[in-house]
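I opened this entry to keep track of what I look up in one structure. My notes follow in the order I made them.

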Amino acid sequence: MDSSHSHDGLEVIKKLVGALADESAKVREAAMASLQQNAYFNSIPIFDCCTQVLVRGGRRPSSHVPEVYQIMAFTVSVMNETEADADLMNALTKLAASQITTNYKGNLDGGVQEAACSLLVAIGTRLPDLMLQQVFLHLSTRTSVVDMVQTLAEFASAQPSKFTPRLKDVLSQVSPLLRKTTDAQRPIFANAIKCWCEAALQYYADFPSAPPFGSDVQVHLHSTFDLLLDVWATSGKLKVALSAIDSLGKMAALISKSHLKAVFSRLLPVILGLYKRVENESNAYMVTLTLHNLLDASLMSASGPPILDFKDVIVVMNTLLPLVTAFPVTNDAEFGAALKNYNKMVQCFLTVGLSYPPDLFTFLIGKITCQEKNAISLKVEALCVVKHLLSWLCKSWHGSRQYLIAVVISLLNEQDLSIRKRVAELIVVMASQGYIMERSCGELFLEFLVEQCTIKEKEVTRYQKQQKKATGFLKFDFTKTYIRNEASVAVFEKGLLLLTITVPEIETILWPFLFKAIIESNYTPAMATICRCISELARGRIVCGIPLFTEMKSPPNHLPTIQELFARLVVLLHNLLARNQLTVHILTVLHYLAPLFPKNVRALWEDEIPRMKAYISNRQDSKDETLMEQETWDDMIVDFFAKSLNVIREPKWVLSLGDALCRQYELYISDNEHSGLLHRCLGMLLQKVDDRAYVSEKIDLMCSKANIADKANRIGLAKGMGLVAAKHIEAVLEKIKNMLGNEVHNKLQRFIKSIFMDRGSKAEADNIQATVGLIYNYIANYSASSLIEGRINAVVNKDAFKASSCANT
């Protein structure tokens, strides 16, 4: 490059350096980017221009000084080796050190100091001894010692491979200063020591064949370790104590095993004692991290056996276990810190378990089976730990699997909700590890999970109120129960779903069990989850090319018939906007069950089921559930049921479905709305039947199962009878005649005698009259007028109507 070009280039660089002070952020960013590009081949001009800016600033630094130091640091890191002249680097080192240590009477910008530090670190990457020489020179200056210690920390973090071989020199310079530090300086020194130790650990991880520290380095490490333990970690200032133990945790991996074993009995109480002083989960995490580092250094040595026996760490577990869920959680930020601390606590137990698996298993099971008063909390925490460790220690604990299964079975009847939640989570993990493949215990655990899915939100709310009253806060729970009560039930629902999706080996137990659960009345609140699990299993079978329902086609299989499943699922469709999208999951299950039905049903449902799902989706989007919408939905269900019967055309199949409907009245004894829909479905079915004796028998059963004191049940019965009357009007009218002649008449007579004494009799009579009136109304609605004319007067007992009129009067 000739002189003119050289001069032009220098002028451009000057302009770019000057642009670092521009008011526009975009201009400053563009100038920085251009200078970085030039740094690879114009390092000397950049240093000259930057140095002029810094020298010209004198004791009043320009506003863009931090950017100037940043570009110099970048240039040092990328410049050509041939340009890294020792004299130039020495001058830059002195310039940066001077900037860090010069006191601008309170005007020194922290950004300037940080940028100058980055220049020193960059020089250290090329000439570490030169940089250290300058840093050591300023360590003797009282006002700059903290700044230089921070610089050493940053250098160690940036260049472990160049820092670690020089750790002896650093410690020999810094160790004498440690006893002279103030409380304000100690956290900074402690953090620097931690950075140095982290650099050394990284160095030995990258270069495992590197020679270990000699005795001279160990002497410095031991003396520093003892000072931090005996003085700093016991400080009354929590910040000092926490920073000290944070460093001690890292140093534990570097000091000799003999020294660590000698100080363990002194170190452990100091660490555990800090749990009583910490103010939040973030501070607690620092303590737990140190504890984990200490256990890791003591138990997981690659060069020999653990330096501690299991009895030495029992105090750790006894202290740690009650703290697993002990800290208050009130918002998402605290939840994140709590989860972080919780995971680190579990790692502490894992470290112990990797060295002493049977001993830890015995310890945890002892807590789970403890029968002492107020042992619930310990059981919960021990279950949490076992759940997390099982996947890691599965092989080590395999010999105790039957004992673990027996312990979990013994907890299935626990009344405390928190224990039941932890048991549910543990069952899912056990299943994933193949612990519950035996049908005997597998069905027990599945039954437990489904039962827990039926928990009502009132029970969850009551439990949490009791917990808060007892402790003053909701204990940490990684299911976020502090946000919404529903999450407690979601633990069980998600657990069952996880089993379904992630543990294919359990399908042989789960598949038949879920179908049996459909027709169990006590599992009704869990029906959305049951149906979703069935759908997931069916989808998985289809993907794998496995026949869906071979079990149901090969009796005896002790599974519900397809008629029983259809009868149950159709009635359960009633709740239009039930939680967890119950109706959608039921319709999905019916879609998968279609191949088991007589031909033509599948083709019909290809159109009908999507139409019903679309209606549900529209209602859920509007979030406006009205009585009229519910009535419209019930009409759609009955219409869906009727269309299905129309295409079946197999009399025996239909009669079997009618029997199933009648048997299922027992499932809705106290559920009048579902009973009302069941009346209507049975009425529609009887409308399709020609067997008069069968129809008469089912009409009698329908009336006997009706709770006419309830409006919904009464209307459902009336609509059902009206649907039957559309084809069997004589049978229905004969039933009304019998009701009025045999029952109502006698009850009305008793009512007339006790009209001023027994209000219950009057209400009962009113209910019967209302029911009969409604039945006549729906007979008129559903039956052709030609069928009605001339039949009512011939069948109805006129005397009974007179008695009714008398009662009304």
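Entry 1, salt bridges. I count a salt bridge when a side-chain nitrogen of Lys or Arg lies within 4 Å of a carboxyl oxygen of Asp or Glu. I am working on a predicted model. I looked up Lys387 and Glu425, and their closest N and O atoms are 3.5 Å apart. That value is within 4 Å, so the pair counts as a salt bridge. Lys387 sits in helix H19, residues 376–390, and Glu425 sits in helix H21. The two residues are 38 apart in the chain, and I noted that the pair links distant parts of it. I checked burial as well: Lys387 is buried, and Glu425 is buried too.

Entry 2, a second pair. Glu564 and Arg663 form a salt bridge through their side chains, at 3.4 Å from N to O. Glu564 belongs to helix H27, residues 562–572, and Arg663 to helix H31, residues 651–663. This pair also links distant parts of the chain, with the two positions 99 residues apart. Is Glu564 buried or exposed? Glu564 has a relative accessible area of 17%, so I listed it as buried. Arg663 has 48%, so I listed Arg663 as partly exposed.

Entry 3, a third pair. The side chains of Lys705 and Glu666 make a salt bridge at 2.6 Å, N to O. Lys705 is in helix H33, residues 692–705, while Glu666 is in the loop between H31 and helix H32 (672–687). They are 39 residues apart, and I again wrote down a link between distant parts of the chain. Lys705 is partly exposed, because its relative accessibility is 35%. Glu666 is partly exposed as well, with a relative accessible area of 42%. I then found a network: Glu608, Arg611, Asp639 and Lys643 are joined by salt bridges that share partners. How many salt bridges are there by this rule? The count is 25.

Entry 4, cysteines. I looked for disulfides and counted 0. Cys197 is in none, and the nearest cysteine sulfur, that of Cys195, is 9.3 Å away. The cut-off for a disulfide is 2.5 Å between sulfur atoms, so this pair does not qualify. Cys197 has a relative accessibility of 4%, so I put it down as buried. Cys662 is buried too, with a relative accessible area of 7%.

Entry 5, the nonpolar core. The largest nonpolar core has 270 residues. Which residues touch the most other members? They are Trp196, Phe349, Leu364 and Leu593. Helix H21 gives the most to this core, with 10 residues. I had already met helix H21 as the place of Glu425. I followed Trp196 further and left out residues up to four places away in sequence. Among the residues that Trp196 touches are Val149, Leu152, Phe163, Leu167 and Val174.

Entry 6, the whole protein. I counted 39 helices and 0 strands. The protein has 809 residues, and 52% of them count as buried. About 37,200 Å² is exposed, and carbon and sulfur atoms supply 52% of that area. I also looked at contacts between residues at least 6 apart in sequence: 75% of these join residues at least 24 apart.

Key
Residues numbered from 1 in each chain as written. Predicted model: local features only at pLDDT ≥ 70, side-chain atom pairs only at ≥ 80, totals over all residues. Heavy atoms only, no water. Buried < 20%, exposed > 50% of the residue type's maximum accessible area, 1.4 Å probe, protein only. Helix = DSSP H or I, 4+ residues; strand = E, 2+ residues; numbered from the N terminus. Contact = heavy atoms within 4.5 Å. Areas by Shrake-Rupley, 256 points an atom, 1.4 Å probe, with all protein chains shown as cover. Core = buried A, V, L, I, M, F, W, Y, C linked by side-chain atoms within 4.5 Å.
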